[in-house]
Amino acid sequence: MHFVMGNCRERLLELKVYKRRRKNFRKSKQSREHYSFLFKQKLVHDCTPLIGLLSNRGYMNEIYLCTKISAPENFSFNDDFEGSILFLKRLISTFLLGKRKRVEISFHDCYHLDIANFMLFDLIVEQLKYTLQRYNANLSVHSICTKNIVVSESSKKDDKVNKYLLAYNYLKLTDVDNVDGDEMYLALGLKKGWKRAYNENSKGSVARDVVTFVEKSLKQAKNEMDAQMSNAIECLVTEVLDNAEEHSLFGTEWYVNGISFEETQHDASVVELNLSILNFGSTMYESFENTRGKNIENYAKLQKLYLKQAQLFTKNVSFSREALFMLYMLSSGISRLKYQNQARGTGTVTFMRSFLYLGRYGIEHVHFSPQMNLISGNSVLTCDGNVKPFKNESGLEVLTLNNDETFDVLPNSNYLCSHNENFPGTILECKLYLNKDFLNNNEEY
């Protein structure tokens, strides 16, 4: 009997221990879940304006969480718009909402990327790190959160992706096997600014940095830029930055970045020059629509042109209103602010023409055609050595995106398209090729 009671007493003590353990475990679990919830809320609350804008536009959601974030094979808005945006959504969501301290980004299967995409990726990484820094600023050493972004290289034979990652310090030369150490690359580095007082304005300084970058790239190609071209590029970059500044969301900035590569391609020694300018906020189309009440004359011109071309739509060929309005807005004399200043409406198309002039070597060499892309909202507009701005009978710079050089014909769908995903802002990017003879021809531009 005493033995039985002893066993019962031991059993009761054992049950109490188990009960206490279960209670403590539940408390611990609730505490962890509560901490995780508070962490997410606080981290999101400390987001930079740029990350906040993207989060509000649907770039942050738990459905995009990944254990490993894989870059698309073609990390290009021009070639894979949907996949590029999805990659950025996964990056933002996994960093802000994921529980892992190690955020893995793989470029293993990526064989091509464009400067605009890499610039946006690099910018978002910088902004996410700064968000974490803001979150940790008022915490004790024992409470701070650590999240490390780890990038793995591309396994593809083309080493261009890895050169981007090397140039911007995501990899070390010892990390990759397929990069030719004798081939050079030059990074502009991220430049940024926003609307300030006149004496603090950074547009002029950034424009000069771009000119210096182009000059250094030309020296790689064994050539030099003359004063006329230097002044033209500086003025044109400043004007494009003016547009970027006016369209930027309050509290965010405009950004410029670029990279050039000295390489041997198709048995030719060339320098590939890449440059991108972007801003966040209203798209080109949204900005134009927002001023329709004041900009009556300009708006009527575009609306008339749109209705004319809409009659040419077929079952297989049609364009969104946003995409066509983007195209029309590039013609000289068209500006959302034309009602304020009659001189407005010449910047972007002239910029495009001038940079295509710099890349005219590629017009005669099929493998080196210059290309410019304009990405805004859901739409991507492209011009190159075959389809480019021209002067119409009135002497105005016009872009129709067709070989007929008239608005009586629809644009070529290879040069203008729309997508389901959305970029909240505008990006101008260009790629052109230079060689030692490219400035020997002194034709006007």
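pLDDT is the predictor's confidence in each residue, expressed from 0 to 100. In the predicted model described here, the protein chain averages a pLDDT of 81, and 79% of the residues score at least 70. Over residues 29-39 the pLDDT falls below 50, and this stretch has seven contacts in the model beyond its near neighbours in sequence. A second stretch, residues 336-345, likewise stays under 50 in pLDDT, and for these residues the model has 25 contacts beyond four places in sequence.

The protein chain comprises eleven helices and 13 strands. Of its 445 residues, 51% count as buried, while the chain as a whole exposes about 22600 Å², of which carbon and sulfur atoms supply 49%. When contacts between residues at least 6 apart in sequence are considered, 73% of them join residues at least 24 apart.

Three strands are arranged as an open sheet in the order 1-3-5, with parallel pairing. Strand 1 and strand 5 are the edge strands, each pairing on one side only, and the twist from one strand to the next averages 25°. Strand 1 (residues 68-70) is joined to strand 3 (residues 102-106) by three bridges in the parallel sense, and within this pairing isoleucine 69 stands opposite isoleucine 105 of strand 3. On the strand 5 side, strand 3 pairs with residues 148-152 over five bridges, again in the parallel sense. Among these bridges, arginine 102 has asparagine 148 of strand 5 as its partner, and valine 103 is matched in strand 5 by isoleucine 149.

The two faces of strand 5 differ in cover: Ile149 and Val151 make up the covered face, whereas Asn148, Val150 and Ser152 lie on the uncovered one. In a regular strand the side chains alternate between the two faces of the sheet. Taken together with the bridge assignments, isoleucine 149, the partner of valine 103, belongs to the covered face of strand 5, while asparagine 148, the partner of arginine 102, belongs to the uncovered face.

Two loop residues have a positive phi although neither is a glycine, and they are set in contrasting surroundings. Histidine 266, with a phi of about 50°, is placed in the loop between strand 8 (254-265) and strand 9 (268-280). The relative accessible area of histidine 266 is 49%, and the residue is therefore partly exposed, as exposed residues are those over 50%. Leucine 401, with a phi of about 60°, is placed in the loop between strand 12 (397-398) and strand 13 (416-434). Leucine 401 has a relative accessible area of 0% and is therefore buried, a term that applies under 20%.

Buried positions also occur in loops that adjoin helices. Threonine 48 lies in the loop between helix 1 (2-45) and helix 2 (49-59), and with a relative accessible area of 3% this residue counts as buried. The side chain of threonine 48 makes a polar contact with the side chain of glutamine 127 at 2.6 Å. Once neighbours within four places in sequence are set aside, the residues in contact with threonine 48 are Gln127, Tyr130, Thr131 and Arg134.

Aspartate 114 is found in the loop between strand 4 (112-113) and helix 4 (115-136). Its relative accessibility of 6% is under the 20% cut-off, so aspartate 114 counts as buried. Apart from neighbours within four places in sequence, aspartate 114 is in contact with Phe75, Ser76, Tyr164, Glu429 and Lys431. For one of these residues, tyrosine 164, the separation from aspartate 114 is 50 residues in sequence and 9.7 Å in space, C-alpha to C-alpha.

Methods. Residues are numbered from 1 along each chain as its sequence is written. This is a predicted model: local features need pLDDT of at least 70, side-chain atom pairs count only at pLDDT 80 or more; totals for chains, interfaces and linings use all residues. Side-chain values use heavy atoms; hydrogens and water are left out. Two strands pair if DSSP finds at least two bridges between them. Helices (H or I, at least four residues) and strands (E, at least two) are DSSP runs, numbered from the N terminus. Axes are lines fitted to C-alpha atoms, for helices over the stretch in contact, and angles run from 0 to 180 degrees between N-to-C directions. Contact means heavy atoms within 4.5 Å. Buried means under 20% relative accessible area, exposed over 50%, partly exposed in between (1.4 Å probe, protein chains only). Accessible areas come from the Shrake-Rupley method with a 1.4 Å probe; for residues, only the protein chains shown count as cover. A polar contact is a pair of N or O atoms within 3.5 Å; within protein, one must be able to donate a hydrogen and the other to accept it, and residues adjacent in sequence count only if both atoms are side-chain atoms.
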